[in-house]
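Please look over the structure below with two topics in mind, namely how its helices pack against one another and where space is left inside. The notes that follow take the helix pairs in turn and then move to the interior.

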Amino acid sequence: MELTAVQQDALVELLNIGFGRAAASLSQLTGHRVLLDVPQVTLHAIEDVGDALERVVQGHVASVHQIFTGPVAGDALLILDGAGAAILKELLTNEPALPLSIDASAREVITEVGNILLNACLGTFGNILHVQVAFSVPQLSLESVGGILESLRVHREGVRYALVVHAGFKLRDTEVRGYLVIILSVASLDRLLREVEAWERDNR
């Protein structure tokens with residue numbers, strides 16, 4: 001399954017609105033202007049998403065995971081490689097970056113950034129598409145991309161597709177790349193894309 005040009009454009013437009021909200025929240029949090037690049041969105045079958053991500057993030061990663069429920073339900077993750085997570089922590093706290101595995105400050109910062117980004121994007125979907133979305137408390141984990149996706153596959157039946165959103169943060173002349181992964185069942189993906197197409201038609 002591939003996104004049509006209409007679906008792709010509408011998703012990018014919606015995510016851009018969410019990223020605008022997230023950037024404003026992050027700027028308020030840090031006291032510095034935070035810019036987020038225009039997102040790129042790709043759709044992958046769940047069995048292929050690990051390969052797609054491992055081409056751009058290697059080794060152990062920091063991931064912030066939230067479950068969302070409602071008419072469109074699934075799992076949302078922010079994934080940062082170790083270097084990106086460390087830089088982000090240093091930029092946001094002005095503290096030197098220590099190894100993630102022992103750095104409680106980094107964990108707190110990355111969980112908060114993940115919470116802001118995921119809520120802004122999924123909240124925008126919910127508001128504009130008029131569907132109610134509820135979120136779980138964000139959970140941070142440090143492991144390989146393969147390990148993260150495998151645990152989701154084991155605990156979730158009916159998971160078939162993942163929207164992968166390439167996100168770039170700019171803060172104080174430094175860029176950090178992250179990846180939002182929105183994992184959906186066939187039914188949730190179908191509902192989301194139908195709502196996105198309707199929103200696109202209504203806003204032409």
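**Helix packing and an internal cavity**

In this predicted model, helices α4 and α6 are oblique to each other, because their axes cross at roughly 60° and that angle falls outside the range of 65 to 115 degrees that counts as roughly perpendicular. Two packed helices are described by the angle between their axes and the distance between the axes, and the points below follow that scheme before turning to the cavity.

**α4 with α6**

- The axes of α4 and of helix α6, which covers residues 186-202, come within 10 Å, and the crossing of the two helices is left-handed.
- On the α4 side the contact is made by Phe125, Ile128 and Leu129, while α6 brings Leu192, Glu195, Val196 and Trp199 to it.
- Sorted by class, this contact of α4 with α6 has six nonpolar residues and one charged residue, with no polar residues.

**α3 with α4**

- Helix α3, residues 82-93, has an axis that comes within 9 Å of the axis of α4, and the two cross at roughly 90°, so α3 and α4 are roughly perpendicular to each other.
- Ala85, Leu88, Lys89, Leu92 and Thr93 of α3 make this contact with Ser105, Ala106, Val109, Ile110 and Val113 of α4.
- The residues of the contact of α3 with α4 comprise seven nonpolar, two polar and one charged.

**α1 with α6**

- The axes of helix α1, residues 5-30, and α6 come within 9 Å and cross at roughly 85°, and α1 and α6 are therefore roughly perpendicular to each other.
- From α1 the contact takes in Val6, Gln7, Ala10, Leu11, Glu13, Leu14 and Ile17, and from α6 it takes in Leu193, Val196, Glu197, Trp199 and Glu200.
- By class, the contact of α1 with α6 divides into eight nonpolar, one polar and three charged residues.
- Val196 and Trp199 of α6 are thus listed in the contact with α1 and are also listed in the contact with α4.

**The cavity**

- The structure holds one cavity of 30 Å³ or more, and about 60 Å³ of space lies in the largest cavity.
- The lining of the largest cavity is made up of Phe68, Val72, Leu122, Phe125, Gly126, Val131, Val133, Ile182, Leu184 and Leu192.
- Two or more residues of that lining come from each of α4, residues 104-129, and β8, residues 174-185, and α4 gives the largest share, three residues.
- Nine residues of the lining are nonpolar and one is polar, and the lining has no charged residues.
- Phe125 and Leu192, which line the largest cavity, also take part in the contact of α4 with α6.

Notes: Residues numbered from 1 in each chain as written. Predicted model: local features only at pLDDT ≥ 70, side-chain atom pairs only at ≥ 80, totals over all residues. Heavy atoms only, no water. 1 Å grid on protein atoms, 1.4 Å probe; cavity = no way out; pocket = protein on both sides within 12 Å on 5 of 7 lines; lining within 4 Å. Points joined across faces, edges and corners; volume = space filled by probe spheres on them. Helix = DSSP H or I, 4+ residues; strand = E, 2+ residues; numbered from the N terminus. Nonpolar A, V, L, I, M, F, W, Y, C, P; charged D, E, K, R; others polar. Axes fitted to C-alpha atoms, helices over the stretch in contact; angles between N-to-C directions. Parallel < 35°, antiparallel > 145°, perpendicular 65-115°, else oblique. Left-handed = near helix turned anticlockwise from the far one by under 90°. Contact = heavy atoms within 4.5 Å.
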